[in-house]
Amino acid sequence: MSFQPAQRLRSKDLVGIDPLTPEEIQLILDTADQMRSIAERPIKKVPALRGMTVVNLFFEASTRTRFSFEVAEKRLSADSLSFASSTSAVTKGETLIDTALNLEAMQPDFIVIRHQSPGVPHQLAKILRSAVINAGDGAHEHPTQALLDALTIRCRRGTLEGQVVAIIGDLQHSRVLRSNVLLLARMGATVRVAGPPSLIPIGLEKLGCEVHHRIEDCIAGVDVVMMLRIQLERQGRMNFPSPREFYDFYALTPERLKLAKKDALVMHPGPMNRGVEIDSRVADGPQSVILEQVTNGVAVRMAVLYLLAGGSGEPTAH
Ligand code: CP
């Protein structure tokens with residue numbers, strides 16, 4: 001697969017991976033590569049977004065996404081404001097749309113939103129002038145997570161094309177899965193998935209992945225193993241007998257990791273349920289790139305903000 005990177009993003013928003021072309025994905029990853037160098041400097045700041053305002057509108061809990069957006073905004077010299085729904089007028093009954101319209105009346109340039117309902121970023125993107133960035137919408141999409149995962153694989157392997165990636169765990173409730181399958185398949189990787197039958201959505205293979213029921217079959221010979229968290233907060237009831245049985249049949253253990261390529265990367269978007277979907281000996285082991293994913297999250301979010309602001313050329317000059 002060979003293509004020229006795009007010069008700019010076509011949309012004013014980043015609501016999902018689906019609308020991105022391979023050329024746009026490459027542009028974001030190439031720009032993120034440049035952004036990574038800013039973190040190596042004594043002064044980790046460039047003026048690229050000086051005078052711009054970002055509202056971080058999180059209706060769901062987050063550690064990695066929220067703080068890495070905040071770090072990215074500060075490194076680009078944007079003014080950033082963070083919204084906590086528990087201390088906002090949402091507690092007095094104000095609707096999401098009214099909340100967004102009132103915040104937009106303060107003339108921010110970007111709204112970064114995480115919401116428990118699928119499609120909320122898409123809905124806001126249609127009615128707001130600001131650029132809307134999806135920081136996770138229900139079980140639908142988490143595009144910046146997939147982009148940071150892709151950057152991590154590309155940094156370690158040099159390319160996404162031809163990589164075989166196993167994604168294992170709670171497939172039913174994972175927005176990370178959906179965005180990753182869309183991105184990796186679009187960039188020429190092969191994606192295999194596995195999980196308990198009760199946690200595999202019907203028709204998943206139509207996204208562009210091979211569906212397996214046994215983790216051992218899924219992992220055999222792969223370049224990357226990406227484990228997904230059991231998302232009990234999205235399950236009305238537990239869809240498997242117990243965490244102990246989940247560990248016995250689906251966890252990534254040192255023994256199972258031996259089925260993958262010798263130097264296979266171990267990934268997890270976090271937060272991890274240690275001892276449920278991943279064994280600590282693997283999570284903290286030499287093949288783990290889990291904390292590199294977090295570091296790359298800042299670079300990817302800087303790249304997305306910079307490109308949506310209309311950036312092109314050299315973003316990293318002092
Ligand atoms: N990976 C991820 O989205 O983590 P947070 O929920 O902590 O943002």
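**Exercise 1. Classify Gln107 by its accessibility, then describe its place and its backbone angle.**

Solution. Step 1: Gln107 has a relative accessibility of 61% and therefore counts as exposed. The classes are buried (under 20% relative accessible area), exposed (over 50%) and partly exposed in between, with a 1.4 Å probe and protein chains only.

Step 2: Gln107 belongs to the loop between helix H3 (96-104) and strand S3 (110-115). Helices (H or I, at least four residues) and strands (E, at least two) are DSSP runs, numbered from the N terminus.

Step 3: Gln107 is not a glycine, yet its phi is positive, about 60°. Most residues other than glycine have a negative phi, and most peptide bonds are trans.

A note on the source: this is a predicted model, in which local features need pLDDT of at least 70 and side-chain atom pairs count only at pLDDT 80 or more, while totals for chains, interfaces and linings use all residues. Residues are numbered from 1 along each chain as its sequence is written, and side-chain values use heavy atoms, with hydrogens and water left out.

**Exercise 2. State whether Ser77 is buried or exposed, and give its phi.**

Solution. Step 1: Ser77 lies in the loop between helix H2 (64-75) and strand S2 (79-84). Step 2: its relative accessible area is 16%, so Ser77 is buried. Step 3: the phi of Ser77 is near 70°, a positive value in a residue other than glycine.

**Exercise 3. Identify the residues that surround the ligand, and describe its polar contacts.**

Solution. Step 1: the surrounding residues are Ser62, Thr63, Arg64, Thr65, Arg114, His142, Gln145, Pro269 and Gly270; a residue is listed if one of its heavy atoms lies within 4 Å of the molecule.

Step 2: a polar contact with the ligand is a pair of N or O atoms within 3.5 Å. A polar backbone atom of Thr63 is 2.8 Å from an oxygen atom of the ligand, and a polar side-chain atom of Thr65 is 2.6 Å from an oxygen atom of the ligand. A nitrogen atom of the ligand lies 3.3 Å from a polar backbone atom of Gly270.

Step 3: the ligand alone exposes 260 Å², of which the protein buries 91%. Such areas come from the Shrake-Rupley method with a 1.4 Å probe.

Step 4: Gly270 also takes part in a cis peptide bond to Pro271, with omega near -5°. Pro271 is in the loop between strand S9 (265-267) and helix H10 (280-283).

**Exercise 4. Describe the largest nonpolar core and relate it to the domains.**

Solution. Step 1: a nonpolar core is a set of buried Ala, Val, Leu, Ile, Met, Phe, Trp, Tyr and Cys residues joined through side-chain atoms within 4.5 Å. The largest one has 64 residues, and Leu147, Ile167, Leu183 and Leu305 have the most contacts inside it.

Step 2: helix H11 (residues 290-308) gives the largest share of this core, 10 residues. At least three residues come from each of domain 1 (22-141 + 295-308) and domain 2 (143-293); these bounds come from an automatic or database domain assignment.

Step 3: 29 residues of domain 1 are in contact with 28 residues of domain 2, where contact means heavy atoms within 4.5 Å. The domain centres, taken over C-alpha atoms, are 25 Å apart.

**Exercise 5. Locate Ile28 and find what it touches.**

Solution. Step 1: Ile28 sits in helix H1 (residues 22-36) and, at 0% relative accessibility, is buried. Step 2: leaving aside neighbours within four places in sequence, Ile28 is in contact with Leu9, Leu20, Leu147, Ala303, Val304 and Leu307. Step 3: Ile28 and Met302 are 274 residues apart along the chain, and their C-alpha atoms are separated by 9.6 Å.

Definitions and conventions:
A polar contact is a pair of N or O atoms within 3.5 Å; within protein, one must be able to donate a hydrogen and the other to accept it, and residues adjacent in sequence count only if both atoms are side-chain atoms.
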